[in-house]
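Biologist: I am new to this one. Could you show it to me and then take my questions as they come?

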Amino acid sequence: MSNDVNALDSRYAAEASPDITVEKIGSVYADALFGVIDNDLQKVKEILGEYAEFIKDVLDVYPDYERILASRLIPADEKISMIERTFKDVLHPVLFDFFRVVAKHERLDCIRAIYSEAQKNFDRLSNRIPVVITTAAPVTRDVVEKIKQGLAAKFQGELVVTCNVDPNQIGGLVVRVGDTIYDGSVATQLENMRRNIVKNYAPKQN
């Protein structure tokens, strides 16, 4: 285990107490990971790419393995041994050491949240703006480009667009830019109309 990881070990474990949210825990450990690699964007990109592959190729494919890692019934040292047997010669050394630290402090249940927060950190440092477009049915590339062009006039940075399809959405679209949601769905329009009717025409209380 690297000296840098060791140095950050107790500090970040202490901050990630059991009574805070998964997102906060993810943020704490994401900051720890960035600190280990000195916010080197190229190295961050490399390690996050490997982190994403670990989630896709291991956790998504073997959900039982993820449940074992997250279980509080299995001692931390057993989880560390599992990681060492399976990934010592596979993962980037920094990521390997980092997972051992997370395992030591029983935070492997937050492994996805850590990645999510680390990706947000990377986006901020590299001036990337995540955009998620959700529609009831697939949209054409031209529609996506028009939305992207409209947003480009309002936001400074590289817009990274992801498209999702939600059949339960009643038409229209929902665009999330960073932490801001621009909701143009029919469902939202109907709900806004209902609220206006209730507000303007509901019987007045004496």
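Biologist: In which sense do S1 and strand S3 pair, and over how many bridges?

Modeller: Please note that this is a predicted model. In it, S1 and strand S3 (residues 173-177) pair in the antiparallel sense, over five bridges.

Biologist: Which residue in S3 does Val 132 stand opposite?

Modeller: Val 132 stands opposite Arg 176 in S3. Thr 134 likewise has a residue of S3 opposite, namely Val 174.

Biologist: And in S2, what is the bridge partner of Val 132?

Modeller: The bridge partner there is Thr 162. Strand S1 (residues 128-135) and strand S2 (residues 158-165) are joined by eight bridges, and they pair in the parallel sense.

Biologist: Through which helix does the chain cross from S1 to S2?

Modeller: The chain passes through helix H8 (residues 141-152), and the resulting β-α-β crossover is right-handed. H8 lies across S1, S2 and S3, and runs at about 140° to S2.

Biologist: In what order do the four strands form the sheet?

Modeller: The order is S2-S1-S3-S4, in an open sheet with mixed pairing.

Biologist: Why is one side of S2 and of S4 left without a neighbour in the sheet?

Modeller: S2 and strand S4 (180-183) stand at the edges and each has a single partner strand, so one side of each lacks a neighbour in the sheet.

Biologist: By how much are neighbouring strands of this sheet turned against each other?

Modeller: On average by 20°, with direction ignored.

Biologist: Let us step back. How many helices and strands does the chain have?

Modeller: The chain has nine helices and four strands. From the N terminus on, the elements run α-α-α-α-α-α-α-β-α-β-β-β-α.

Biologist: What share of the residues is buried?

Modeller: Of the 206 residues in the chain, 35% are buried. The accessible surface comes to about 12,800 Å², and 52% of that surface belongs to carbon and sulfur atoms.

Biologist: What about contacts between residues 24 or more positions apart?

Modeller: Such residues account for 67% of the contacts in the chain with a separation of 6 or more.

Biologist: Now the aromatic side chains. How many aromatic pairs are there in the whole structure?

Modeller: A search of the whole structure finds seven aromatic pairs. One of them is formed by Tyr 29 and Phe 98, which meet edge-to-face at 6.5 Å centre to centre, with 70° between the planes.

Biologist: Which parts does that pair tie together?

Modeller: Tyr 29 lies in helix H2 (residues 22-36) and Phe 98 in helix H6 (residues 93-104), so the pair ties together parts that are 69 residues apart in sequence.

Biologist: Are Tyr 29 and Phe 98 buried or exposed?

Modeller: Both Tyr 29 and Phe 98 are buried. Phe 54 and Phe 87 form an aromatic pair as well, edge-to-face, at 5.2 Å centre to centre and with 75° between the planes. This pair links helix H3 (residues 41-59), which holds Phe 54, with helix H5 (residues 76-87), which holds Phe 87, and the two residues are 33 residues apart. Phe 54 and Phe 87 are buried too.

Biologist: Which residues do ring pairs link into a cluster?

Modeller: The cluster consists of Tyr 29, Tyr 51, Phe 54, Tyr 65, Phe 87, Phe 98, Phe 99 and Tyr 115.

Methods
Residues numbered from 1 in each chain as written. Predicted model: local features only at pLDDT ≥ 70, side-chain atom pairs only at ≥ 80, totals over all residues. Heavy atoms only, no water. Buried < 20%, exposed > 50% of the residue type's maximum accessible area, 1.4 Å probe, protein only. Contact = heavy atoms within 4.5 Å. Areas by Shrake-Rupley, 256 points an atom, 1.4 Å probe, with all protein chains shown as cover. Phe/Tyr/Trp six-rings, centres within 6.5 Å; stacked < 30°, edge-to-face > 60°. Pairing = 2+ DSSP bridges. Right-handed = clockwise from strand over helix to strand, strands pointing away. Axes fitted to C-alpha atoms, helices over the stretch in contact; angles between N-to-C directions.
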